[in-house]
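Reader: Hey, got a minute to walk through this one with me? Let's pull it up first.

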Amino acid sequence: MGMVYDFVVLGSGFGGSISAMRLAEKGYRVLLLERGKRYEDHDFPKSNWLLRRYFWLPALRFYGLLQLTLLRDVVVLHWTGLGGGSLGYANVLEEPLPAFYEAPGWGETDDWERLLRPHFRAARRMLGAVPAPRLSVADDWLRQAAERLGRPESFRPVAVGVYFGQAGETAPDPYFGGEGPSRKGCPYCGACMVGCRSNAKNTLPKNYLFFAEAFGVDVRTALEALVVEALDPSDPRQARYAIHTRTTTAVLGGRQTPILARNVIVSCGVLGTLDLLLRSRESGLLPNLSNRLGDVVRSNSEALLGVTTHGPEDDHTLGIAIGSVVQADDRATIDPFRYPEESSFLYRSLGAPLIEAGEAGLLKRLALLLIAVVRHPIAFLKSKFAPSWGRRTFGLLIMQTADNRLRIRLGRRPETLFRHGLISQRDDVKPIPAEIPIGHTMAREIATIGSGEAMGNVVEGLLNKPFTAHILGGCPIGDAPDNGVIDTHNRVFGYDNLYVVDGSMIPSNLGVNPSLTITAMAEHAMSKVP
């Protein structure tokens, strides 16, 4: 416990990596902790059927990328590893829809759109955002569906963080004047969300994390923060916090000597950040944290659907993960997404017939699903067993700016044998819907154009739970502890030198992938550190 770091950053995603690099650039001594492992390009699994290498489930000794967290009111996909969500996200780097800035929850600062403008420029430059140069058949069907709905002008290629160059050819650093790592041109293999083995995807280890380590950041992996403890401010070494940690790969225990810091930045992703801060408050180590902690958690108002076609030569697996977007109505965007043919695990295990059930209960939903299976038994069997089914299937990601939310607290979880953990609480005024009608309409329209079938998933269709890969919120921005957890500079109320910088700071649903916005807001927060 002898060394005291200027800053300890907990988490290495789009909040933590940016924070670590910018702080080290300013001359601070920085330690970055990541509970997952470091990935070189060849470490990523070749298929998401390699469950031990793809999923994060330490209880079973699975130390992969993707974690599924099942709460009562939402199912969350989130990522683990050095680089956080950048390792498995779909490369999309889009600015939010205008409604994002019009929502309440921005604190006392008036014009966030203006404040964030230079930070969006910095984020796009660092992450290498460019329009997707090549579109697929699924993208063209999306365009045709938008025309049928009377919104043809809303179709466009998305901005993505991918180095295209010459496919498969190595080139010296194309982004940072030769000071960054060399790269290879994208082979359009569709493996972006399994983990890019081609050195084409602009993950954080290729930019922010690369320079963070070049600037001297001490990076430690497989180390998880359990709680943060506020220390006596009269400590002669000026240590303000002790971070209690454990090794995530230890079979038993794994607790380490506490790490001392003058400043702490919590960037563990929404669920990790809320778990850490709620446990620290309830254990009496950070008792002054706001009672608003865990409020206004959002799912980006998402739905995950899909389309399967029947042509023997159909192949929807080649390309980048997401290449285009349509704004289907005033608050919803829709993107087709893909996995490689050999990575159909999520499609097959979670896919189900698409049904419209509204607020029906479990028994009626089960009946509707069974009726759909009986009507099309061959299609259902193919979706579970046909080898070529994964090649002929692509997903649809629906995201909205709709104002819906839930709360997250600590409590007893019967599904985990009464372990004390995160639980969700439904907001009865603005609940998060599982079924998004415009998404169903577009899925069926695209399926008609492609002579295929629309696909839902068992979580939304049977369990009536929303599914999200972009959990947001939980640390509201405010001007005092009674209406916020953090201020407009991301400082935590009640504690000097404690910050939250990740998706939990996002005050409203964006209607697009949040990665670029989190990056820009992290740049803004770090610009306020002297």
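Author: Sure, we can go through a strand, some salt bridges, a pocket and a surface patch; keep in mind that this is a predicted model.

Reader: Ok, strand β21 then. How many of its residues are buried?

Author: β21 covers residues 393-400, and 8 of its 8 residues are buried.

Reader: Which residues sit on each side?

Author: Thr393, Gly395, Leu397 and Met399 are on one side, with Phe394, Leu396, Ile398 and Gln400 on the other, and both faces are covered. That split fits the general pattern: in a regular strand, side chains alternate between the two faces of the sheet.

Reader: And in which sense does β17 pair with β21?

Author: Antiparallel, over 6 bridges, with β17 running through residues 303-309. Leu304 has Leu397 as its bridge partner there. β19 (residues 332-337) also pairs with β21 in the antiparallel sense over 6 bridges, and Thr333 stands opposite Met399.

Reader: Switching to charges. How many salt bridges does the count come to?

Author: The count comes to 27 salt bridges. One of them joins the side chains of Glu95 and Arg124, at 2.3 Å, N to O. Glu95 is in the loop between β6 and α3 while Arg124 is in helix α4, so this pair ties together parts that are 29 residues apart in sequence.

Reader: Why does Glu95 count as partly exposed?

Author: Because its relative accessibility is 37%, and partly exposed runs from 20% to 50%. Arg124 is partly exposed too, with a relative accessible area of 30%.

Reader: What about Arg409 and Asp295, buried or exposed?

Author: Arg409 and Asp295 are both buried. Their side chains meet in a salt bridge at 2.5 Å, N to O. The pair links distant parts of the chain, Arg409 in strand β22 and Asp295 in strand β16, 114 residues apart. There's also a salt-bridge network linking Arg298, Asp403, Arg405 and Lys430.

Reader: Pockets next. What volume does the second largest pocket have?

Author: About 480 Å³. The second largest pocket is lined by 26 residues, and Pro353, Leu354, His376, Glu453 and Ala454 lie nearest its centre. β20, α9, α10 and β24 each give two or more residues to that lining.

Reader: Last one: which residues make the nonpolar surface patch?

Author: Ile378, Leu381 and Phe385, giving a patch of about 350 Å². Phe385 belongs to helix α10 (residues 377-385), and Phe385 counts as exposed because its relative accessibility is 64%.

Conventions: Residues are numbered from 1 along each chain as its sequence is written. This is a predicted model: local features need pLDDT of at least 70, side-chain atom pairs count only at pLDDT 80 or more; totals for chains, interfaces and linings use all residues. Side-chain values use heavy atoms; hydrogens and water are left out. Patches are made of residues with over 30% relative accessible area and no salt bridge: like charges are joined within 9 Å, nonpolar side chains (Val, Leu, Ile, Met, Phe, Trp, Tyr) within 5 Å. Accessible areas come from the Shrake-Rupley method with a 1.4 Å probe; for residues, only the protein chains shown count as cover. A salt bridge is a side-chain nitrogen of Lys or Arg within 4 Å of a carboxyl oxygen of Asp or Glu. Helices (H or I, at least four residues) and strands (E, at least two) are DSSP runs, numbered from the N terminus. Buried means under 20% relative accessible area, exposed over 50%, partly exposed in between (1.4 Å probe, protein chains only). Two strands pair if DSSP finds at least two bridges between them. On a 1 Å grid over the protein atoms alone, a cavity is a set of points where a 1.4 Å probe fits but cannot get out, and a pocket is an open set with protein on both sides within 12 Å along at least five of seven lines; lining residues have an atom within 4 Å of a point. Grid points are joined across faces, edges and corners, and a volume is the space filled by probe spheres set on the points.
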